Amino acid sequence: MSPSPDSRPAILGGEPLRPNGPPDWPPDDPALRDVLHRAAAERTWGKYHGPFCDALREQIAAWHDSAEVLLCCSGTAAVELALRGLNVGPGEEVILAAYDFKGNFQDILAIGATPVLVDLLPGNWNLDPAALDAAITEKTRAILVSHLHGGIVEMPAVREIADRRGVPIVEDACQMPGARIHGRVAGDWGDVAVHSFGGSKLLSAGRGGAVVTPRAEVAQRIRLYTQRGNDAYPLSELQAALLLPQLAALPARNALRLENAARLSRLLKDRCPGLRPLRNAPSDSQPGYYKFGLQYEPNDFGELPRELFARAVRAEGIAIDPGFRALHQIHSRRRFRAPAPLPQADAADRGILTLHHPVLLESADAIETIVRAVERIRHWSAALLAEPV
Ligand SMILES: *Cc1c(COP(=O)(O)O)cnc(C)c1O
(Lines give C-alpha, C1' and ligand atoms only; values in the text may rest on other atoms or scores of the structure.)
Protein backbone atom coordinates (compact mmCIF):
# COMPACT_ATOMS: atom_id res chain seq x y z
CA MET A 1 0.00 0.00 0.00
CA SER A 2 1.49 3.34 -1.00
CA PRO A 3 1.60 6.25 1.45
CA SER A 4 -1.46 8.51 1.65
CA PRO A 5 -1.40 11.93 -0.06
CA ASP A 6 -1.15 13.76 3.25
CA SER A 7 2.04 11.91 4.28
CA ARG A 8 5.23 13.94 3.82
CA PRO A 9 6.33 14.44 0.18
CA ALA A 10 9.61 12.98 -1.05
CA ILE A 11 11.14 16.41 -1.63
CA LEU A 12 10.71 17.05 2.12
CA GLY A 13 12.18 13.69 3.08
CA GLY A 14 9.10 11.44 2.78
CA GLU A 15 8.79 8.19 0.88
CA PRO A 16 8.32 8.73 -2.88
CA LEU A 17 5.03 7.47 -4.33
CA ARG A 18 7.05 5.76 -7.10
CA PRO A 19 10.23 4.68 -5.29
CA ASN A 20 11.73 3.25 -8.50
CA GLY A 21 11.17 6.47 -10.42
CA PRO A 22 9.53 6.85 -13.82
CA PRO A 23 9.56 3.94 -16.29
CA ASP A 24 12.58 3.76 -18.54
CA TRP A 25 12.49 4.28 -22.30
CA PRO A 26 12.90 2.48 -24.61
CA PRO A 27 11.31 -0.57 -22.92
CA ASP A 28 12.97 -3.97 -22.84
CA ASP A 29 11.06 -5.52 -25.72
CA PRO A 30 11.72 -9.14 -26.86
CA ALA A 31 10.88 -8.12 -30.45
CA LEU A 32 13.83 -5.70 -30.37
CA ARG A 33 16.19 -8.41 -29.10
CA ASP A 34 15.03 -10.70 -31.89
CA VAL A 35 15.61 -8.17 -34.64
CA LEU A 36 19.04 -7.25 -33.25
CA HIS A 37 19.93 -10.92 -33.19
CA ARG A 38 18.79 -11.29 -36.80
CA ALA A 39 20.79 -8.24 -37.92
CA ALA A 40 23.87 -9.68 -36.21
CA ALA A 41 23.39 -13.21 -37.57
CA GLU A 42 22.79 -12.02 -41.13
CA ARG A 43 25.48 -9.33 -40.81
CA THR A 44 23.20 -6.80 -42.47
CA TRP A 45 23.89 -4.38 -39.60
CA GLY A 46 27.30 -3.50 -41.06
CA LYS A 47 26.17 -2.79 -44.65
CA TYR A 48 25.58 0.59 -46.20
CA HIS A 49 22.39 -0.68 -47.81
CA GLY A 50 20.22 -3.60 -46.84
CA PRO A 51 16.79 -5.01 -46.21
CA PHE A 52 15.89 -3.09 -43.05
CA CYS A 53 15.96 0.44 -44.51
CA ASP A 54 14.06 -0.80 -47.58
CA ALA A 55 11.38 -2.41 -45.40
CA LEU A 56 11.12 0.67 -43.19
CA ARG A 57 10.67 2.95 -46.20
CA GLU A 58 7.98 0.65 -47.58
CA GLN A 59 6.09 0.46 -44.31
CA ILE A 60 6.21 4.19 -43.68
CA ALA A 61 4.99 4.79 -47.24
CA ALA A 62 2.06 2.39 -46.72
CA TRP A 63 1.24 3.94 -43.35
CA HIS A 64 1.19 7.42 -44.91
CA ASP A 65 -0.32 6.69 -48.25
CA SER A 66 2.63 8.72 -49.58
CA ALA A 67 4.98 7.55 -52.29
CA GLU A 68 8.22 9.19 -51.21
CA VAL A 69 9.96 8.35 -47.92
CA LEU A 70 13.46 9.62 -47.19
CA LEU A 71 15.13 8.26 -44.07
CA CYS A 72 17.62 10.57 -42.38
CA CYS A 73 19.71 11.10 -39.26
CA SER A 74 17.31 13.12 -37.05
CA GLY A 75 14.00 14.92 -36.85
CA THR A 76 15.92 18.18 -36.79
CA ALA A 77 17.62 17.28 -40.08
CA ALA A 78 14.25 16.14 -41.45
CA VAL A 79 12.71 19.58 -40.83
CA GLU A 80 15.67 21.25 -42.54
CA LEU A 81 15.45 18.84 -45.49
CA ALA A 82 11.69 19.38 -45.79
CA LEU A 83 12.24 23.14 -46.06
CA ARG A 84 15.05 22.65 -48.59
CA GLY A 85 12.80 20.28 -50.54
CA LEU A 86 10.22 23.06 -50.77
CA ASN A 87 12.97 25.32 -52.09
CA VAL A 88 12.83 27.76 -49.17
CA GLY A 89 15.91 29.97 -49.20
CA PRO A 90 17.57 33.18 -48.01
CA GLY A 91 15.36 36.23 -47.63
CA GLU A 92 12.18 34.15 -47.51
CA GLU A 93 9.87 33.60 -44.56
CA VAL A 94 8.55 30.50 -42.79
CA ILE A 95 5.64 30.85 -40.37
CA LEU A 96 5.53 28.78 -37.18
CA ALA A 97 3.99 28.97 -33.71
CA ALA A 98 5.89 31.10 -31.19
CA TYR A 99 5.80 28.09 -28.87
CA ASP A 100 7.51 25.24 -30.70
CA PHE A 101 10.52 22.93 -30.66
CA LYS A 102 13.59 25.16 -30.65
CA GLY A 103 15.30 23.15 -33.40
CA ASN A 104 12.49 24.09 -35.81
CA PHE A 105 13.28 27.79 -35.37
CA GLN A 106 16.98 27.09 -35.87
CA ASP A 107 16.36 24.98 -38.97
CA ILE A 108 14.71 28.00 -40.60
CA LEU A 109 17.72 30.16 -39.73
CA ALA A 110 20.08 27.42 -40.95
CA ILE A 111 18.76 27.73 -44.50
CA GLY A 112 18.97 31.52 -44.38
CA ALA A 113 15.23 32.13 -44.08
CA THR A 114 13.42 34.19 -41.43
CA PRO A 115 11.09 32.61 -38.85
CA VAL A 116 7.76 34.45 -38.53
CA LEU A 117 6.17 33.74 -35.17
CA VAL A 118 2.41 33.57 -34.61
CA ASP A 119 0.30 33.08 -31.51
CA LEU A 120 -1.44 30.00 -30.10
CA LEU A 121 -5.01 28.92 -29.60
CA PRO A 122 -5.62 29.29 -25.83
CA GLY A 123 -6.40 25.99 -24.13
CA ASN A 124 -5.02 24.04 -27.10
CA TRP A 125 -1.61 25.76 -26.91
CA ASN A 126 -0.71 25.01 -30.51
CA LEU A 127 -0.68 27.24 -33.59
CA ASP A 128 -3.80 29.38 -34.04
CA PRO A 129 -4.95 29.09 -37.69
CA ALA A 130 -6.51 32.58 -37.59
CA ALA A 131 -3.15 34.11 -36.60
CA LEU A 132 -1.53 32.19 -39.43
CA ASP A 133 -3.77 33.68 -42.13
CA ALA A 134 -3.00 37.21 -40.93
CA ALA A 135 0.79 36.62 -40.97
CA ILE A 136 1.12 35.48 -44.60
CA THR A 137 2.85 37.96 -46.93
CA GLU A 138 4.37 37.74 -50.42
CA LYS A 139 7.61 36.59 -48.74
CA THR A 140 5.99 33.57 -47.04
CA ARG A 141 7.47 30.41 -48.52
CA ALA A 142 6.22 27.73 -46.09
CA ILE A 143 4.12 27.05 -42.99
CA LEU A 144 5.68 24.80 -40.35
CA VAL A 145 3.13 23.25 -37.97
CA SER A 146 3.89 20.95 -35.03
CA HIS A 147 1.38 18.99 -33.00
CA LEU A 148 2.71 19.33 -29.48
CA HIS A 149 2.02 17.75 -26.10
CA GLY A 150 -1.17 15.97 -27.17
CA GLY A 151 -2.65 19.12 -28.69
CA ILE A 152 -3.55 18.85 -32.35
CA VAL A 153 -3.53 21.76 -34.76
CA GLU A 154 -6.80 22.15 -36.65
CA MET A 155 -5.36 20.95 -39.95
CA PRO A 156 -8.47 21.36 -42.13
CA ALA A 157 -8.35 25.11 -41.35
CA VAL A 158 -4.58 25.28 -41.95
CA ARG A 159 -4.93 23.33 -45.24
CA GLU A 160 -7.69 25.68 -46.42
CA ILE A 161 -5.54 28.76 -45.71
CA ALA A 162 -2.47 27.17 -47.32
CA ASP A 163 -4.40 26.30 -50.49
CA ARG A 164 -6.11 29.68 -50.70
CA ARG A 165 -2.82 31.56 -50.21
CA GLY A 166 -0.68 29.15 -52.24
CA VAL A 167 1.80 28.30 -49.47
CA PRO A 168 2.97 24.72 -48.75
CA ILE A 169 2.83 23.08 -45.29
CA VAL A 170 5.52 21.14 -43.44
CA GLU A 171 3.64 19.07 -40.86
CA ASP A 172 5.87 18.08 -37.94
CA ALA A 173 4.55 14.78 -36.58
CA CYS A 174 7.66 14.11 -34.42
CA GLN A 175 5.53 14.03 -31.27
CA MET A 176 2.60 12.16 -32.80
CA PRO A 177 3.57 9.28 -35.08
CA GLY A 178 0.43 7.42 -36.08
CA ALA A 179 -1.99 9.94 -34.61
CA ARG A 180 -5.15 10.51 -36.64
CA ILE A 181 -6.35 14.00 -37.35
CA HIS A 182 -9.84 14.23 -38.83
CA GLY A 183 -9.46 10.83 -40.43
CA ARG A 184 -5.93 11.28 -41.79
CA VAL A 185 -2.69 10.13 -40.27
CA ALA A 186 -0.71 13.04 -38.75
CA GLY A 187 1.58 14.40 -41.45
CA ASP A 188 -0.75 13.72 -44.36
CA TRP A 189 -2.35 17.18 -44.11
CA GLY A 190 1.01 18.67 -45.05
CA ASP A 191 2.86 18.83 -48.35
CA VAL A 192 5.71 17.27 -46.43
CA ALA A 193 5.58 15.29 -43.16
CA VAL A 194 8.44 15.00 -40.71
CA HIS A 195 9.21 12.27 -38.15
CA SER A 196 11.82 11.86 -35.43
CA PHE A 197 13.28 8.58 -34.17
CA GLY A 198 15.24 10.26 -31.37
CA GLY A 199 16.11 8.50 -28.12
CA SER A 200 13.07 9.68 -26.16
CA LYS A 201 10.52 9.55 -28.96
CA LEU A 202 7.60 7.14 -29.40
CA LEU A 203 9.48 5.43 -32.25
CA SER A 204 13.09 5.38 -31.14
CA ALA A 205 16.36 4.36 -32.72
CA GLY A 206 18.40 6.60 -30.43
CA ARG A 207 18.71 8.96 -33.39
CA GLY A 208 16.99 9.21 -36.74
CA GLY A 209 14.22 10.82 -38.72
CA ALA A 210 12.18 10.69 -41.89
CA VAL A 211 10.70 13.02 -44.48
CA VAL A 212 7.52 11.84 -46.20
CA THR A 213 5.89 13.51 -49.18
CA PRO A 214 3.55 12.70 -52.04
CA ARG A 215 5.38 15.32 -54.15
CA ALA A 216 8.07 13.66 -56.31
CA GLU A 217 9.87 16.93 -57.13
CA VAL A 218 10.23 17.77 -53.42
CA ALA A 219 11.74 14.33 -52.73
CA GLN A 220 14.05 14.70 -55.72
CA ARG A 221 15.35 18.07 -54.50
CA ILE A 222 16.09 16.52 -51.09
CA ARG A 223 17.91 13.60 -52.72
CA LEU A 224 20.06 15.98 -54.76
CA TYR A 225 20.96 17.82 -51.57
CA THR A 226 21.69 14.77 -49.39
CA GLN A 227 23.44 12.57 -51.96
CA ARG A 228 27.03 13.71 -52.17
CA GLY A 229 28.65 10.68 -53.67
CA ASN A 230 27.30 9.00 -50.57
CA ASP A 231 24.40 9.71 -48.24
CA ALA A 232 25.28 12.72 -46.07
CA TYR A 233 22.32 12.40 -43.65
CA PRO A 234 22.02 8.61 -43.26
CA LEU A 235 19.89 6.33 -41.16
CA SER A 236 21.70 3.00 -40.67
CA GLU A 237 20.48 -0.54 -41.21
CA LEU A 238 20.76 -1.18 -37.49
CA GLN A 239 18.56 1.82 -36.67
CA ALA A 240 15.98 0.75 -39.25
CA ALA A 241 16.02 -2.81 -37.84
CA LEU A 242 15.06 -1.49 -34.41
CA LEU A 243 12.29 0.69 -35.80
CA LEU A 244 10.43 -2.07 -37.67
CA PRO A 245 8.98 -3.89 -34.61
CA GLN A 246 8.13 -0.53 -33.03
CA LEU A 247 6.21 0.53 -36.11
CA ALA A 248 4.26 -2.74 -35.91
CA ALA A 249 3.49 -2.13 -32.22
CA LEU A 250 2.59 1.55 -32.69
CA PRO A 251 -1.20 1.26 -33.23
CA ALA A 252 -1.72 -0.81 -30.05
CA ARG A 253 0.63 1.40 -28.02
CA ASN A 254 -1.01 4.58 -29.30
CA ALA A 255 -4.43 3.16 -28.34
CA LEU A 256 -3.22 2.39 -24.80
CA ARG A 257 -1.64 5.84 -24.41
CA LEU A 258 -4.86 7.44 -25.63
CA GLU A 259 -6.89 5.46 -23.09
CA ASN A 260 -4.56 6.37 -20.22
CA ALA A 261 -4.44 10.02 -21.30
CA ALA A 262 -8.26 10.11 -21.21
CA ARG A 263 -8.22 8.46 -17.77
CA LEU A 264 -5.69 10.98 -16.47
CA SER A 265 -7.74 13.88 -17.89
CA ARG A 266 -10.88 12.65 -16.12
CA LEU A 267 -9.12 12.19 -12.77
CA LEU A 268 -7.43 15.60 -12.93
CA LYS A 269 -10.68 17.33 -13.83
CA ASP A 270 -12.38 15.89 -10.74
CA ARG A 271 -9.53 16.13 -8.26
CA CYS A 272 -6.91 18.64 -9.51
CA PRO A 273 -8.65 21.28 -11.66
CA GLY A 274 -5.56 23.49 -11.40
CA LEU A 275 -3.76 21.16 -13.78
CA ARG A 276 -5.62 21.31 -17.09
CA PRO A 277 -4.78 19.01 -20.03
CA LEU A 278 -4.40 20.59 -23.45
CA ARG A 279 -7.78 20.79 -25.14
CA ASN A 280 -8.67 19.57 -28.59
CA ALA A 281 -11.82 20.50 -30.50
CA PRO A 282 -14.34 17.66 -30.22
CA SER A 283 -13.77 15.59 -33.32
CA ASP A 284 -12.97 12.24 -34.83
CA SER A 285 -9.26 12.81 -34.09
CA GLN A 286 -6.95 10.63 -32.00
CA PRO A 287 -3.96 12.63 -30.78
CA GLY A 288 -0.60 11.07 -29.95
CA TYR A 289 1.29 11.54 -26.70
CA TYR A 290 5.03 11.99 -26.74
CA LYS A 291 4.33 14.40 -23.91
CA PHE A 292 1.06 14.91 -22.10
CA GLY A 293 0.74 18.70 -21.80
CA LEU A 294 -0.87 20.49 -18.86
CA GLN A 295 -1.60 24.10 -18.05
CA TYR A 296 -0.52 24.85 -14.48
CA GLU A 297 -2.57 27.30 -12.36
CA PRO A 298 -0.41 28.34 -9.38
CA ASN A 299 -3.36 29.76 -7.44
CA ASP A 300 -4.79 26.24 -7.16
CA PHE A 301 -1.48 25.13 -5.62
CA GLY A 302 -1.01 27.77 -2.92
CA GLU A 303 0.99 29.95 -5.36
CA LEU A 304 3.71 27.32 -5.61
CA PRO A 305 5.90 28.34 -8.59
CA ARG A 306 5.64 25.96 -11.54
CA GLU A 307 9.33 24.96 -11.38
CA LEU A 308 9.13 24.05 -7.70
CA PHE A 309 5.88 22.14 -8.24
CA ALA A 310 7.53 20.15 -11.07
CA ARG A 311 10.59 19.46 -8.94
CA ALA A 312 8.42 18.19 -6.08
CA VAL A 313 6.36 15.93 -8.37
CA ARG A 314 9.56 14.62 -9.97
CA ALA A 315 10.86 13.72 -6.53
CA GLU A 316 7.81 11.44 -6.23
CA GLY A 317 9.11 9.50 -9.25
CA ILE A 318 6.91 11.12 -11.91
CA ALA A 319 8.54 12.56 -15.06
CA ILE A 320 6.99 16.02 -15.19
CA ASP A 321 8.84 19.11 -16.45
CA PRO A 322 8.19 22.69 -17.54
CA GLY A 323 7.42 22.90 -21.28
CA PHE A 324 9.39 24.72 -23.99
CA ARG A 325 10.45 28.33 -23.72
CA ALA A 326 8.53 30.53 -26.16
CA LEU A 327 10.77 31.23 -29.15
CA HIS A 328 10.45 35.03 -28.97
CA GLN A 329 11.53 34.91 -25.32
CA ILE A 330 14.86 33.21 -26.01
CA HIS A 331 15.92 34.69 -29.36
CA SER A 332 17.01 38.15 -30.37
CA ARG A 333 14.37 40.24 -32.17
CA ARG A 334 16.78 40.50 -35.08
CA ARG A 335 16.34 36.79 -35.78
CA PHE A 336 12.58 36.68 -36.38
CA ARG A 337 9.50 38.66 -37.32
CA ALA A 338 6.39 38.73 -35.14
CA PRO A 339 3.59 40.56 -36.93
CA ALA A 340 1.26 40.58 -33.89
CA PRO A 341 1.53 40.36 -30.08
CA LEU A 342 2.03 36.85 -28.65
CA PRO A 343 0.10 36.81 -25.34
CA GLN A 344 -0.90 33.13 -25.56
CA ALA A 345 2.65 32.02 -26.32
CA ASP A 346 3.73 34.02 -23.26
CA ALA A 347 1.11 32.18 -21.19
CA ALA A 348 2.35 28.82 -22.54
CA ASP A 349 5.94 29.82 -21.76
CA ARG A 350 4.98 30.51 -18.15
CA GLY A 351 2.36 27.84 -17.53
CA ILE A 352 2.89 24.58 -19.41
CA LEU A 353 4.03 21.37 -17.80
CA THR A 354 4.68 18.15 -19.69
CA LEU A 355 4.43 14.58 -18.50
CA HIS A 356 6.78 12.21 -20.32
CA HIS A 357 5.03 9.39 -22.21
CA PRO A 358 6.36 6.03 -20.88
CA VAL A 359 3.99 6.03 -17.89
CA LEU A 360 1.06 6.15 -20.35
CA LEU A 361 1.81 2.52 -21.27
CA GLU A 362 1.39 1.44 -17.65
CA SER A 363 -1.63 0.41 -15.59
CA ALA A 364 -4.59 2.40 -14.28
CA ASP A 365 -2.80 2.30 -10.90
CA ALA A 366 0.17 4.17 -12.36
CA ILE A 367 -2.21 6.87 -13.62
CA GLU A 368 -3.84 7.07 -10.17
CA THR A 369 -0.35 7.50 -8.64
CA ILE A 370 0.28 10.58 -10.82
CA VAL A 371 -2.88 12.20 -9.46
CA ARG A 372 -1.96 11.26 -5.88
CA ALA A 373 1.46 12.85 -6.34
CA VAL A 374 -0.20 16.07 -7.53
CA GLU A 375 -2.62 16.00 -4.58
CA ARG A 376 0.23 15.38 -2.18
CA ILE A 377 2.22 18.37 -3.41
CA ARG A 378 -0.88 20.57 -3.33
CA HIS A 379 -1.54 19.46 0.27
CA TRP A 380 2.02 20.40 1.28
CA SER A 381 2.37 23.59 -0.79
CA ALA A 382 2.63 25.92 2.22
CA ALA A 383 5.38 23.79 3.77
CA LEU A 384 7.19 23.66 0.45
CA LEU A 385 7.16 27.44 0.20
CA ALA A 386 8.28 27.80 3.83
CA GLU A 387 11.06 25.19 3.95
CA PRO A 388 14.20 25.50 1.84
CA VAL A 389 14.25 22.57 -0.62
C1 LIG B 1 11.94 15.86 -31.14
C2 LIG B 1 11.33 16.84 -32.05
C3 LIG B 1 11.97 17.25 -33.23
C4 LIG B 1 13.38 16.87 -33.62
O5 LIG B 1 13.72 15.57 -33.53
P6 LIG B 1 15.22 15.05 -33.23
O7 LIG B 1 15.19 13.69 -33.82
O8 LIG B 1 15.37 15.06 -31.76
O9 LIG B 1 16.18 15.95 -33.92
C10 LIG B 1 11.31 18.14 -34.05
N11 LIG B 1 10.09 18.61 -33.74
C12 LIG B 1 9.45 18.24 -32.62
C13 LIG B 1 8.10 18.79 -32.37
C14 LIG B 1 10.03 17.36 -31.73
O15 LIG B 1 9.39 17.02 -30.60
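User: Two strands count as paired if DSSP finds at least two bridges between them. In this predicted model, which residue in β4 stands opposite I95?

Analyst: Strand β2 covers residues 93-97 and β4 covers residues 140-146. The two run parallel and are joined by 3 bridges, which meets the cut-off of at least two. Opposite I95, in β4, stands I143.

User: Which strands stand at the edges of the open sheet of 7 strands?

Analyst: The open sheet has the strand order β1-β9-β8-β5-β4-β2-β3, with mixed pairing. An edge strand has a single partner, so one of its sides is left without a neighbour in the sheet. The edges are held by β1 (68-72) and β3 (114-118).

User: By how many degrees are neighbouring strands of this sheet turned against each other on average?

Analyst: The sheet is open and has 7 strands. With direction ignored, the average turn between neighbouring strands is 20°.

User: Which strands does helix α2 touch?

Analyst: Helix α2, residues 51-64, packs on the sheet, and its direction makes about 130° with that of β1. The strands touched by α2 are β1, β8 (192-196) and β9 (209-213).

User: And which strands does helix α4 touch?

Analyst: Helix α4 (residues 102-110) also packs on the sheet, its direction making about 145° with that of β3. It touches β2, β3, β4 and β5 (169-172).

User: Are α3 and α4 parallel or oblique to each other?

Analyst: The axes of α3 (residues 75-85) and α4 come within 9 Å and cross at roughly 40°. Angles under 35 degrees count as roughly parallel, and 65 to 115 as roughly perpendicular. The two helices are therefore oblique.

How values were computed:
Residues are numbered from 1 along each chain as its sequence is written. This is a predicted model: local features need pLDDT of at least 70, side-chain atom pairs count only at pLDDT 80 or more; totals for chains, interfaces and linings use all residues. Side-chain values use heavy atoms; hydrogens and water are left out. Helices (H or I, at least four residues) and strands (E, at least two) are DSSP runs, numbered from the N terminus. Axes are lines fitted to C-alpha atoms, for helices over the stretch in contact, and angles run from 0 to 180 degrees between N-to-C directions. Contact means heavy atoms within 4.5 Å. Angles under 35 degrees count as roughly parallel, over 145 as roughly antiparallel, 65 to 115 as roughly perpendicular and the rest as oblique.
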